[in-house]
Amino acid sequence: MANQEYAMLILKSDDGQGRHWSLNRPEMYIGRHADCDIVLDDRKVSRQHARIVRDQRGYTLTDLKSKNGTFVNGEPISGERRLEDGDDVQIAVSFQLTFVDVGATVPLFFDQMPRRSLTLDRETRDVYVNKMVLAPALSPAQYRLLEVLYDNHDRIVDRDEVVHAVWPDSAGEGVSEQAIDALVRRLRDRLTEIDSGQNFIVTVRGHGLRLDLS
């Protein structure tokens with residue numbers, strides 16, 4: 001990992017051991033809401049708690065007027081804070097993370113963390129999360145949505161692609177945004193039945209959906 005292209009955040013708290021996020025987009029949000037890039041599901045965390053921005057100089061953390069605060073190395077931040085390798089980032093009072101900069105050596109405990117995985121069995125339509133089969137099986141619509149995201153996990157899937165994959169006979173007619181949102185929400189809920197700490201489906205505002213397999 002010494003040649004990693006992007007910096008990382010590694011969660012150190014006991015209840016989330018093994019969770020980590022690659023800071024591989026120019027702007028990433030941390031918060032409780034499912035649409036955030038880094039979801040920390042705790043009531044003490046604000047829906048949109050903080051933001052990390054990547055530019056040519058590095059990474060900047062900004063607190064978004066959260067109720068319970070954002071801290072770097074134990075100090076509360078009120079505006080922007082440039083992150084340095086090894087910085088301790090605390091979100092509210094619930095989550096302790098380590099910032100690992102580009103090219104840095106990942107902490108030893110990271111190599112011991114369990115990897116999350118999601119795989120599909122095309123023949124049986126079984127879905128495996130961390131090598132455990134999801135039971136009962138997904139509904140046909142849920143499986144079709146997951147399949148199109150899985151097949152295109154390296155990019156954002158827009159609304160038209162989702163409609164074509166899930167409702168191929170509708171040609172987009174009669175499929176409301178509410179119907180898509182409801183299906184996405186149900187699929188998210190099913191996938192977290194096995195791994196409640198992993199937000200596999202990320203909503204990219206104004207663009208579509210992306211499956212996060214990192």
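**Salt bridges and burial in a predicted model**

Tutor: In this predicted model, Arg122 has a relative accessibility of 43% and counts as partly exposed.

Student: What makes Arg122 partly exposed?

Tutor: Partly exposed is the class between under 20%, which is buried, and over 50%, which is exposed, so Arg122 with its 43% belongs to that class.

Student: Why is the contact between Asp151 and Arg122 called a salt bridge?

Tutor: The closest N and O atoms of Asp151 and Arg122 are 2.5 Å apart, and because the rule asks for a side-chain nitrogen of Lys or Arg within 4 Å of a carboxyl oxygen of Asp or Glu, the pair qualifies. Asp151 lies in helix 1 (residues 140–151), while Arg122 sits in the loop between strand 12 (118–121) and strand 13 (126–129), so this salt bridge ties together parts that are 29 residues apart in sequence.

Student: How do you know whether Asp37 is buried or exposed?

Tutor: Asp37 has a relative accessibility of 9%, and because buried means under 20%, Asp37 is called buried. Asp37 also takes part in a salt bridge with Arg25, in which the closest N and O atoms are 3.1 Å apart. Arg25 is in the loop between strand 2 (20–22) and strand 3 (27–31), and Asp37 is in the loop between strand 3 and strand 4 (38–39), 12 residues apart.

Student: Why does the pair of Arg155 and Glu161 count as a salt bridge?

Tutor: Their side chains meet at 2.5 Å, N to O, and because the cut-off is 4 Å, the pair of Arg155 and Glu161 satisfies the rule.

How values were computed:
Residues are numbered from 1 along each chain as its sequence is written. This is a predicted model: local features need pLDDT of at least 70, side-chain atom pairs count only at pLDDT 80 or more; totals for chains, interfaces and linings use all residues. Side-chain values use heavy atoms; hydrogens and water are left out. Helices (H or I, at least four residues) and strands (E, at least two) are DSSP runs, numbered from the N terminus. Buried means under 20% relative accessible area, exposed over 50%, partly exposed in between (1.4 Å probe, protein chains only).
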